[in-house]
Structure formats: C-alpha cells, structure tokens
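This report looks at a few residues in turn and at the nonpolar core.

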Amino acid sequence: MTDASGQFRMMHTMIRVFDLDTSVKFYTELLGMKLLRKEEFPGGRFTLAFVGYGPEEDSTVVELTYNWDQATPYEIGTGFGHLALGVNDIYAVCGALEKQGARIPRPPGPMKHGTTHIAFVEDPDGYKIELIGLDTMK
C-alpha cells in the first residue's frame, strides 16, 4: 500500500438539518463559526450552507444540508457519532453556551478512563458536538 497522505484532504462533514436558519445561528453565534457560503439548488429543492473556523481551501468545515420539502425532523440514526471541537476553558465555554440556551447533555468533566476534560452540546437537530478541553489534554 502506498502512502496516500499527500493525496487526500478532509474537506467537510455533512449533516442534514430541519431548520437552516436556526442551525446556521447555532453554529455561528453559539459556536463561533463563520457562514462561509450558502448555495440554493432550486432544481433539487435543497440549500447547502457551509460553516467553519477557516476557509474551505485549508480547513475542514461543516456542510449543513437543508432539503426544502422535509416535513419532519430527521432521525439522527445509530451510525453517526459526533463532531468534535477543541476549546480552552471548557467550563466557561459550557457556562456561556447554557446561558444562550444550548442543551448540554454531558456537562464538562474528565473523560471516563482519562484526564482530558470533555463535554457534549446538542445542536438544534440533536446532533452531538463534543467539546474537548485543549488545556486539559495530556
């Protein structure tokens, strides 16, 4: 097998969202990402919004896919795990997120069988986002 590390680059993770405006607000206002671009595809009846911390050319981003005719929220499924974001001062970050109405099903604290502090926050569609305390990693 050849070394393919120079041939591939992680580009984005796609998740389907029920309410695009609510999801964009969550990722930009609560998690501090920027709306990088938004494209509508009337022929396919969907909109793509790309959010992230840096430009798509050299950063991995999140693609929010909004299907115009989706009548009910999506089921998360059993195969998807979570997105992960590194943060400093995870306790302060979680406190600020809670004050803004974010749901934190797993409050910050040491991970089981480890010392790194983690937490989980849910986006408006119920997708889990793991917060990893960068200042607690060993």
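Which residues is Leu-64 in contact with, once its neighbours within four places in sequence are left aside? In this predicted model, the contacts of Leu-64 are Ile-15, Val-17, Leu-20, Ser-23, Val-24, Tyr-27, Thr-47, Leu-48, Ala-49 and Val-51.

## The nonpolar core

The largest nonpolar core comprises 26 residues, and Leu-64 is listed with Phe-26, Tyr-27, Leu-97, Val-121, Ile-129 and Leu-131 as those having the most contacts inside it. At least two residues of this core come from each of α1 (20-30), β3 (46-52), β4, β5 (83-87), α2 (90-99), β7 and β8, and α1 gives the most, with 5 residues. As a general tendency, nonpolar side chains in soluble globular proteins are buried together.

## Glu-63 in strand β4

Glu-63 is placed in strand β4, where the residue is buried yet has no salt bridge. The nearest side chain of opposite charge belongs to Arg-37 and lies 6.6 Å away, so the pair falls outside the 4 Å within which a salt bridge is counted.

The side chain of Glu-63 does, however, make a polar contact with the side chain of His-12 at 2.8 Å, and a further polar contact, of 3.0 Å, joins the side chains of Glu-63 and Thr-65. Not counting residues up to four places away in sequence, Glu-63 touches His-12, Thr-13, Met-14, Ile-15, Leu-48, Ala-49 and Phe-50.

## Thr-65 in strand β4

Thr-65 also has its place in strand β4, which spans residues 61-67. Thr-65 counts as buried because its relative accessible area is 7%, under the 20% cut-off. Leaving aside neighbours within four places in sequence, Thr-65 is in contact with Met-14, Ile-15, Arg-16, Val-17, Thr-47 and Leu-48. Between Thr-65 and Thr-22, which are 43 residues apart in sequence, the C-alpha to C-alpha distance is 13 Å.

## Tyr-127 between β7 and β8

Tyr-127 is found in the loop between β7 (117-122) and β8 (128-133). Is this loop residue, Tyr-127, buried or exposed? With a relative accessible area of 7%, Tyr-127 is buried.

The side chain of Tyr-127 reaches the backbone oxygen of Arg-16 at 2.8 Å, and Arg-16 is also among the residues that Tyr-127 touches, together with Ile-15, Ile-76, Phe-80, Val-121 and Glu-122, when residues up to four places away in sequence are not counted. The C-alpha atoms of Tyr-127 and Thr-72, by comparison, are separated by 15 Å, with these positions 55 residues apart along the chain.

Terms used: Residues are numbered from 1 along each chain as its sequence is written. This is a predicted model: local features need pLDDT of at least 70, side-chain atom pairs count only at pLDDT 80 or more; totals for chains, interfaces and linings use all residues. Side-chain values use heavy atoms; hydrogens and water are left out. Helices (H or I, at least four residues) and strands (E, at least two) are DSSP runs, numbered from the N terminus. Buried means under 20% relative accessible area, exposed over 50%, partly exposed in between (1.4 Å probe, protein chains only). Contact means heavy atoms within 4.5 Å. A polar contact is a pair of N or O atoms within 3.5 Å; within protein, one must be able to donate a hydrogen and the other to accept it, and residues adjacent in sequence count only if both atoms are side-chain atoms. A nonpolar core is a set of buried Ala, Val, Leu, Ile, Met, Phe, Trp, Tyr and Cys residues joined through side-chain atoms within 4.5 Å. Lys and Arg count as positive and Asp and Glu as negative; His and the chain ends are not counted.
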